[in-house]
There are 2 protein chains.
Amino acid sequence: MDIRELVESKARAAREAAATLALCPTRLKNEALLQMARGLAEKTPQILEANRVDLERARTRGHPRAFLDRLTLTDGRVEEMAHGLRQIAALADPVGKTVETWRRPNGLEISRVRVPLGVIGFVYESRPNVTADAAGLCLKSGNAVVLRGGSEAIESNTMIAAVLAKSVEKVGAPADAIQFIDNPDRAGVTALLNLPQYLDLVIPRGGEEFVRMVSERSRVPVLKHDKGLVHIFVDASADVAMAVEVTDNAKTHRPGVCNAVETLLVHRDIAPRFLLALAKRLGTAGVELRGCPRTLAIVPTARPAVETDWDTEFLDLILAVKVVDDLDEAIRHIRRHGSGLAEAIVTADLRQARRFTREVDAAAVLVNASTRLVDGNQFGMGAEMGISTSRLHARGPVGVEELTTTKFVVLGDGQVRE
Amino acid sequence: MDIRELVESKARAAREAAATLALCPTRLKNEALLQMARGLAEKTPQILEANRVDLERARTRGHPRAFLDRLTLTDGRVEEMAHGLRQIAALADPVGKTVETWRRPNGLEISRVRVPLGVIGFVYESRPNVTADAAGLCLKSGNAVVLRGGSEAIESNTMIAAVLAKSVEKVGAPADAIQFIDNPDRAGVTALLNLPQYLDLVIPRGGEEFVRMVSERSRVPVLKHDKGLVHIFVDASADVAMAVEVTDNAKTHRPGVCNAVETLLVHRDIAPRFLLALAKRLGTAGVELRGCPRTLAIVPTARPAVETDWDTEFLDLILAVKVVDDLDEAIRHIRRHGSGLAEAIVTADLRQARRFTREVDAAAVLVNASTRLVDGNQFGMGAEMGISTSRLHARGPVGVEELTTTKFVVLGDGQVRE
């Protein structure tokens, strides 16, 4: 079968399964999730064996150590995947939830009720654990999913997806609701993006180029996971110790992810005190500072920033630093360079906080908190498919509720339109 | 200037105005809406004069009378447009509304707050009054809009849009927030659909072919207004008088719109009683019935239905009628032929009502109520841009709230990620 036919047959099977899954009772979906967790535990040796094949190929291709680390599965990591599925089973079922109900003057009772989106295409370049997370979140929200992982993890992902689908079947839920495209050909992605008749949504997760390619080519609606060019603005009134804590956490907690800070904007009045304290702390953590001229005057050990640094998602222990005159300059800088994912201010001044949260437009704006907290789990929304930078449908962490749509249910006793 | 440059310059101007409009206080937006209403009233002679040019051209092109009727503006119709704008001014401002707020164990306070989508492209084939509605709804929700109406109403629309933008300017709000493409060239639509850098959303409104063309070509996210292939299922337990009322209203109240019923499904047990009563009522109203063989056995005056009738949006005084064995057959028929806009059941049986509302998937499912009630105003949501059949972002009537997105506002006192 050629790759287009293969992808189409899987998408069609998912569409058929979706109709059944949408009406599955919560209990059956939770049983499926728990069985998926058990399946992963039982098949750990086979999963690790498949992973070894991926690792060997990656090594011969000369991938860097950090890449190999992310690709590597262990007993512990497979158990984490299983644990994630058990956590998803414990989440409230979003399907059937009534969002609001009201009564009209003519006695009509109108409700908005959550229903699954249908079929979701998930195309990702990430580590193999994402396969289990995505399948679990889609199943819980009553959606069928067509998974297409990166070619480097193809053996691991194929094995994991097979175990998951088998587990779904075992409890009597529709196994076709979890489809995996086990052909690493890039044409498979293109084929998937051209099936609006079977897919309701495509979620891409990966590098900037990859996400752009998917967004531009897709005939299916896309929920984007764009890059995170994240700023923190340290206001004149900020508590220096707090500003150092928050910046340190936002930069060093996990520098390779989208909600890590990339550019620090500092009010000129606090710059001398704050930047010296920060440089000391971040120096210990091995962070390279790239500063504007005013920053360099305070921290001579910093490297001079170049123009492109303000638009670079370093995803590394590098922080661009700019001293600004006031909040207005900070907001202008963020409007020009921000990617709309997360933006933070550290301030003690209520008026500045209110202006920042109102005038800065991003999926999340934070006051006196680390941008690393922008995350489904941290927000209390449960596991997430990622963080959407789209403006439509879902903006910010995408959890099980964001994988649903609503329908209006209207109850009457013979009302007609006058 | 060529059409692509023209459209791009208007979209760019809208994008710049959007940033200002997003932060406009409610009072200023409402002043603008009231001034827009006054502007229409004051410039009625000029608007009617422009409309005469459109009408003359339409007549020489031999458009049918119904088309000319819809195109015609009168003093009364312009006053209706102004009244619509005053009603939009009276709506609650969706921008800044907090959807929900919660506190995390670490003391973080998280809110979801409504903000404008940004710039909306509205491409429509409808009557000129839609221009004022769309401009008003976008302005109220803090969005800039690029309007592109049908070529038949180009003179009327150009005049109306100019009056509206002038009125916005008069109160000191950003006049560039209302852009109108006054070039009837179809290439203007294509140009607009290729500006994802300036537009956040495109809403097409018009015939089936037109909406499909826009959806397929657009690189900007689309909120679809698809056709309405709407069913009513009359269950065995239905109150016959109620079923006749509801069906009559859904078919004859305004047959040319998307929420009018097109196919009637009738439980075999109630078919003899109900269909005779219905045929009598609808006969008086001049409705042509196209029946399945079992329908014809009861109502011999009906025309035999052909297979394509089950997939036809008549938009006319024609109703396809099919007798079915039970609810399951009705649901199967709806799944196969429905367009997902509105579906209704008439029943006295709670269990059937619950099954229908759960198992039928549409933007709106109704029990014992006319499908003509699926409408923003009837639902109490205020004026609408139309009724979305998309699953993402907004499903059903699209009012001012549906023209917004949300951002997370996170307030802390130094929280970091552990």
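This is a short chat about how chain A and chain B meet in a predicted model.

Trainee: How many residues does each chain put into the contact?

Mentor: Chain A gives 52 residues to the contact, and chain B gives 52 residues as well.

Trainee: Which elements give two or more residues to the side of chain A that touches chain B?

Mentor: On chain A these are three helices, H10 (240–252), H14 (350–359) and H15 (376–379), together with the strands S2 (109–116), S13 (364–369) and S16 (404–415). The most comes from S16(A), which supplies 11 residues to that side.

Trainee: And by class, what does that side have?

Mentor: The side of chain A that touches chain B has 25 nonpolar residues, along with 15 polar and 12 charged ones.

Trainee: Changing topic to strands, in which sense do S13(A) and S16 of chain B pair, parallel or antiparallel?

Mentor: S13(A) pairs with strand S16 of chain B, residues 404–415, in the parallel sense, and the pairing runs over five bridges. Within S16(B), B:Val409 is the residue that stands opposite A:Val365.

Trainee: What turn and shift lay chain A on chain B?

Mentor: A turn of 180° with a shift of 0.0 Å along the axis lays chain A on chain B, and the RMSD is then 0.0 Å. The axis is therefore a two-fold one, since that is the relation such an axis describes.

Trainee: Which C-alpha of chain A is nearest the axis?

Mentor: In chain A that is the C-alpha of A:His393, which lies 1.8 Å from the axis. The same surface serves both copies, in that 98% of the contact residues of chain A recur in chain B.

Note on methods:
Residues are numbered from 1 along each chain as its sequence is written. Chains are lettered from A and ligands numbered from 1 in the order in which they are written. This is a predicted model: local features need pLDDT of at least 70, side-chain atom pairs count only at pLDDT 80 or more; totals for chains, interfaces and linings use all residues. Two residues are in contact if their C-beta atoms, placed from the backbone, lie within 7 Å. Helices (H or I, at least four residues) and strands (E, at least two) are DSSP runs, numbered from the N terminus. Ala, Val, Leu, Ile, Met, Phe, Trp, Tyr, Cys and Pro count as nonpolar, Asp, Glu, Lys and Arg as charged, and the others, Gly among them, as polar. Two strands pair if DSSP finds at least two bridges between them. Copies are superposed by least squares on the C-alpha atoms of residues with pLDDT of at least 70 in both.
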